[in-house]
Amino acid sequence: MTTGQAIATMVGGFLFPFMIRLSWGKLVDDFGPIGGWMAAAFIVGTVWTINHGINHPMITQSENGAWIDMAVAGAVGVYVASIVRGGKVKPSMRNISAGLSGGVLAGLVLSFFL
């Protein structure tokens, strides 16, 4: 991975949680539950296309390099932004452990048939 690809990958990883924090809440506030569905389609779809779906994507996936998952980038980015803005770490540990447990269980189930 070149230096340029590494920088582009970091920016691509930053882009997803940045867009979530910037506009998801506003869409939900303005349109209610339908705004959440619109945010899911517009934000996730657009950022995924930029990061993975074009001829020269921002995120470089290489066999001997880092594997980047947009969900992990989004979770870490939104979590860190929440902590920086005054969120409490200790009460959030329950949600983090539930998310990690669900991810491990989903991976285990997928491994049974993939």
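Which residues form a nonpolar patch on the surface? Hold that thought for the last stop of the tour, and start with the whole chain in view. Bear in mind throughout that this is a predicted model.

**Stop 1: the whole chain**

Show everything as cartoon and colour by secondary structure. You should see four helices and zero strands, and reading from the N terminus the order is simply α-α-α-α. Line the view up with the principal axes and the C-alpha atoms fill a box of roughly 40 × 35 × 30 Å.

Now switch on a surface. About 8200 Å² is exposed, and carbon and sulfur atoms supply 71% of that area. Of the 114 residues, 18% are buried. How far apart in sequence are the residues that touch? Taking contacts between residues at least 6 apart, 50% join residues at least 24 apart.

**Stop 2: Thr-9 and Ile-59**

Select Thr-9, which sits in helix α1. Is Thr-9 buried or exposed? Its relative accessibility is 8%, so Thr-9 counts as buried, the cut-off being under 20%. Add Ile-59 to the selection and draw a distance between the two C-alpha atoms: you get 4.1 Å, for a pair 50 residues apart in sequence.

**Stop 3: the salt bridge on α1**

Stay on helix α1 and pick Lys-26 and Asp-30 as sticks. They form a salt bridge, with the closest N and O atoms 3.5 Å apart. How many salt bridges does the count come to? Just one, so this is the pair to look at. Both partners lie in α1, four residues apart, or about one turn of the helix.

Check the surface around them too. Lys-26 counts as exposed at 53% relative accessibility, while Asp-30, at 48%, is partly exposed.

**Stop 4: Asn-51, out of sight**

Move to helix α2 and select Asn-51. With the surface on you'll have to clip into the model, because Asn-51 has 0% relative accessibility and counts as buried. What is Asn-51 in contact with, once its neighbours within four places in sequence are left aside? Light up Gly-12, Pro-57, Met-58, Ile-59 and Met-70. Ile-59 is the residue you paired with Thr-9 a moment ago.

For one more distance, go from Asn-51 to Leu-15: their C-alpha atoms are separated by 8.9 Å, with their positions 36 residues apart along the chain.

**Stop 5: Trp-48, also on α2**

Trp-48 is in helix α2 as well. Turn the surface back on here, since Trp-48 is partly exposed, with a relative accessible area of 46%. Not counting residues up to four places away in sequence, Trp-48 touches Gly-53 and Met-70. Met-70 was on the contact list of Asn-51 too. Measuring across to Met-58, ten residues along the chain, gives a C-alpha separation of 9.8 Å.

**Stop 6: helix α3 and its buried face**

Met-70 leads straight into helix α3, residues 70-84. This helix has 15 residues and reaches 21 Å from its first C-alpha to its last, close to the 21 Å expected at 1.5 Å a residue.

Which residues of α3 are buried? Select Met-70, Ala-73 and Gly-74. Then look down the axis of α3: the buried residues fall within an arc of 95 degrees, so they line one face of the helix. To see what covers them, show the neighbouring elements, which include α1 (3-31) and α2 (33-53).

Before leaving, click on Gly-86, which follows α3. Its phi is positive, near 110 degrees.

**Stop 7: the nonpolar patch**

Back to the opening question. Select Leu-105, Leu-108, Val-109, Leu-110, Phe-112, Phe-113 and Leu-114 and show them on the surface: they form the nonpolar patch. Together they have about 790 Å² of accessible area.

Zoom in on one member, Phe-113, found in helix α4 (residues 89-113). Is Phe-113 buried or exposed? At 57% relative accessibility, Phe-113 counts as exposed, and that is where the tour ends.

Note on methods. Residues are numbered from 1 along each chain as its sequence is written. This is a predicted model: local features need pLDDT of at least 70, side-chain atom pairs count only at pLDDT 80 or more; totals for chains, interfaces and linings use all residues. Side-chain values use heavy atoms; hydrogens and water are left out. Helices (H or I, at least four residues) and strands (E, at least two) are DSSP runs, numbered from the N terminus. The expected span of a helix is 1.5 Å times one less than its number of residues. Buried means under 20% relative accessible area, exposed over 50%, partly exposed in between (1.4 Å probe, protein chains only). The arc is that of the directions from the helix axis to the C-beta atoms. Contact means heavy atoms within 4.5 Å. Patches are made of residues with over 30% relative accessible area and no salt bridge: like charges are joined within 9 Å, nonpolar side chains (Val, Leu, Ile, Met, Phe, Trp, Tyr) within 5 Å. Accessible areas come from the Shrake-Rupley method with a 1.4 Å probe; for residues, only the protein chains shown count as cover. A salt bridge is a side-chain nitrogen of Lys or Arg within 4 Å of a carboxyl oxygen of Asp or Glu.
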